[in-house]
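Here is a short briefing for a first look at this structure. Read it with the sequence and the 3D view side by side.

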Amino acid sequence: MHDEARRSICMLLHSNYDTDARVKREARHLAARARVRVVQMAERDQEAGVHGEADVEIERFQLVTRELPQSTFYWGIKFLELTLRMAWRASRTQPSAYHAHDLIMVPAAILASWIHRAPVVYDA
């Protein structure tokens, strides 16, 4: 099967891919049949950008609002940035489906699906 004809899955992840064995196992399993890209917010010690592991692409990005104080007032601003940036990055991959692994990722997956028509799958 040619890569152009392969389905693609974009996984939206709030946790750290490197330490989430469940997501890693699922991504590697799906990579046998589809192109898989995981989009996640980078941890403080992680470099932003696209990295590969086995047959899975991992795209990490930093939030500009990360350094704002941790208060209820700023949480909404941080969530808005996370949702918009995650949706934009996920929709650029133009996948066959979006897979939200965390409840907090569902709004970003839905927004991305409105930008690039593709179904949304959620599991926790």
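In helix α2, the buried residues (buried means under 20% relative accessible area, with a 1.4 Å probe and protein chains only) are Lys78, Glu81, Leu82, Thr83, Met86, Ala87, Arg89, Ala90 and Ser91. This is a predicted model: local features need pLDDT of at least 70, side-chain atom pairs count only at pLDDT 80 or more, and totals for chains, interfaces and linings use all residues. Residues are numbered from 1 along each chain as its sequence is written, and side-chain values use heavy atoms, with hydrogens and water left out.

**Helix α2**

- Helices (H or I, at least four residues) and strands (E, at least two) are DSSP runs, numbered from the N terminus.
- Helix α2 spans residues 72-92, which is 21 residues.
- From first C-alpha to last, α2 reaches 31 Å, close to the 30 Å expected at 1.5 Å a residue (the expected span is 1.5 Å times one less than the number of residues).
- The buried residues of α2 pack against β1 (7-13), β2 (34-41), β4 (56-61), β5 (97-100) and α3 (106-115).

**The nonpolar cores**

- A nonpolar core is a set of buried Ala, Val, Leu, Ile, Met, Phe, Trp, Tyr and Cys residues joined through side-chain atoms within 4.5 Å.
- The largest such core has 18 residues, and Leu12, Leu82, Met86 and Tyr98 have the most contacts inside it.
- At least two residues of this core come from each of β1, β2, α2, β5 and α3.
- Apart from this core lies another, of 13 residues, including Met11, Leu13, Ala31 and Val56.
- Met86 touches Leu12, Leu13, Val39, Gln40, Met41, Phe61, Met105 and Ala108, residues up to four places away in sequence not being counted (contact means heavy atoms within 4.5 Å).

**How α2 meets α3**

- The two helices α2 and α3 pack at an angle of about 40 degrees, and their axes are 8 Å apart.
- That makes α2 oblique to α3 (angles under 35 degrees count as roughly parallel, over 145 as roughly antiparallel, 65 to 115 as roughly perpendicular and the rest as oblique).
- On the α2 side, the contact is made by Phe79, Thr83, Leu84, Met86, Ala87, Ala90 and Ser91.
- On the α3 side, Pro107, Ala108, Leu111, Ala112 and Ile115 make the contact.

**Ala108, a residue of α3**

- Ala108 lies in helix α3 and counts as buried, at 1% relative accessibility.
- Leaving aside neighbours within four places in sequence, Ala108 is in contact with Leu12, Thr83, Met86 and Ala87.
- Ala108 and Trp88 are 20 residues apart in sequence and 8.4 Å apart in space, C-alpha to C-alpha.

**Loop residues**

- Gln94 sits in the loop between α2 and β5.
- Most residues other than glycine have a negative phi.
- Gln94 is not a glycine, yet has a positive phi of about 45 degrees.
- Gln94 is exposed (exposed means over 50% relative accessible area), with a value of 54%.
- Leu103, in the loop between β5 and α3, counts as exposed at 60% relative accessibility.
- Leu103 and Arg28 are 75 residues apart in sequence and 22 Å apart in space, C-alpha to C-alpha.
- Arg117 is found in the loop between α3 and β6 (120-122), and is exposed with a relative accessible area of 69%.
- Arg117 and Ala97 are 20 residues apart in sequence and 8.7 Å apart in space, C-alpha to C-alpha.

Definitions and conventions. Axes are lines fitted to C-alpha atoms, for helices over the stretch in contact, and angles run from 0 to 180 degrees between N-to-C directions.
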